[in-house]
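Let's take a friendly walk through this model, starting with its open space and ending with the overall fold.

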Amino acid sequence: MRQMFVAGNWKMHGSKAEIKSLVTGLNALSSRAGNAKVAICPPALYVDYVSRSLSASNIELGVQNIAEEPVQGAYTGEISAEMVKDLGCQFVILGHSERRAIYKESDFEIANKVDTAIKAGLTPILCVGETLEEREAGELESVISTQINAVVEKVGINGFKKIVIAYEPVWAIGTGKTATSAQAQEVHAFIRGLLADYDTDIANGVIIQYGGSVKPANAKELFSQPDIDGGLIGGASLVAEDFMAICEAAGE
Ligand code: PEP
């Protein structure tokens with residue numbers, strides 16, 4: 001039985017004042033998550049500040065990126081997986097489409113970061129997803145397979161015991177366009193099938209979140225699909241009431 005899991009990706013948003021108000025709201029509403037696991041991923045610079053303000057013991061912490069390099073060293077501007085772990089985080093979002101598109105992170109680099117994260121004891125939230133052009137060109141399955149197989153090649157199928165996958169169609173991120181629950185379910189089932197070709201038990205156990213304009217109004221329908229195990233939430237995770245309403249839909 002997979003536990004529903006909702007994670008908030010704050011992206012590059014927030015100030016101390018804004019975060020204080022958001023975390024105060026999350027603390028007050030955290031019991032709405034019921035049985036769902038919940039995590040928030042603030043900008044790394046604010047993780048310690050969030051952690052000191054967070055009294056809700058059922059909300060875990062993550063970050064949105066780590067360095068590829070497995071050890072500390074002369075990597076100006078980078079943050080290591082071990083530092084993230086040291087600050088009390090459990091999760092790291094990797095392979096987000098914004099990192100792939102804006103920062104040109106390749107499948108190879110992302111796979112290396114997944115490996116680094118696992119070795120440091122973090123749980124990677126591995127984002128995969130197709131652009132609208134790829135979907136319309138009939139390339140959805142090959143794009144997702146390439147993204148997943150690059151990670152299997154690096155960490156082996158056993159690595160997926162420690163990985164959460166987030167299926168995020170790029171055309172649905174921050175656009176207000178959500179995949180229908182049927183479209184999302186179809187891809188989630190495809191991803192599970194892909195992993196099942198390597199190992200059925202691991203495929204059945206892996207949590208696959210949906211991400212892309214999830215809102216309180218559509219969360220319940222998405223989360224009722226058999227292969228959707230929660231969500232990775234961008235915009236709506238910046239509003240405590242909306243985020244906890246989404247968590248509530250997952251925790252019912
Ligand atoms: C995201 O960036 O991971 C995301 C899903 O964003 P949004 O919910 O705003 O579409």
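The largest pocket has a volume of about 660 Å³. Here a pocket is an open set of points, on a 1 Å grid over the protein atoms alone, where a 1.4 Å probe fits and protein lies on both sides within 12 Å along at least five of seven lines. The volume is the space filled by probe spheres set on the points. Its lining numbers 20 residues, with Lys11, Met12, Gln64, Asn65 and Arg99 nearest the centre; lining residues have an atom within 4 Å of a point. By class, 11 of the lining residues are nonpolar, five polar and four charged, with Gly counted as polar.

Please keep in mind that this is a predicted model, in which local features need pLDDT of at least 70 and side-chain atom pairs pLDDT 80 or more, while totals for chains, interfaces and linings use all residues. Residues are numbered from 1 along each chain as its sequence is written, and side-chain values use heavy atoms, without hydrogens and water.

Now to the ligand. Around it are 14 residues, and the closest are Lys11, His96, Glu168, Gly174 and Ser213; a residue counts as near if one of its heavy atoms lies within 4 Å. This shell has four nonpolar, eight polar and two charged residues. The table gives polar contacts, meaning pairs of N or O atoms within 3.5 Å.

| Ligand atom | Protein partner | Distance |
|---|---|---|
| oxygen | His96, side-chain N or O | 2.8 Å |
| oxygen | Gly174, polar backbone atom | 2.7 Å |
| oxygen | Ser213, polar backbone atom | 2.7 Å |

Taken alone, the ligand exposes 290 Å², and the protein buries 97% of that (Shrake-Rupley areas, 1.4 Å probe).

As for the fold, the protein chain has 11 helices and eight strands (DSSP runs of at least four residues for helices, H or I, and at least two for strands, E). Its C-alpha trace spans about 45 × 45 × 35 Å along the principal axes.

Methods. Polar contact = N/O pair within 3.5 Å; in protein donor to acceptor, adjacent residues only side chain to side chain.
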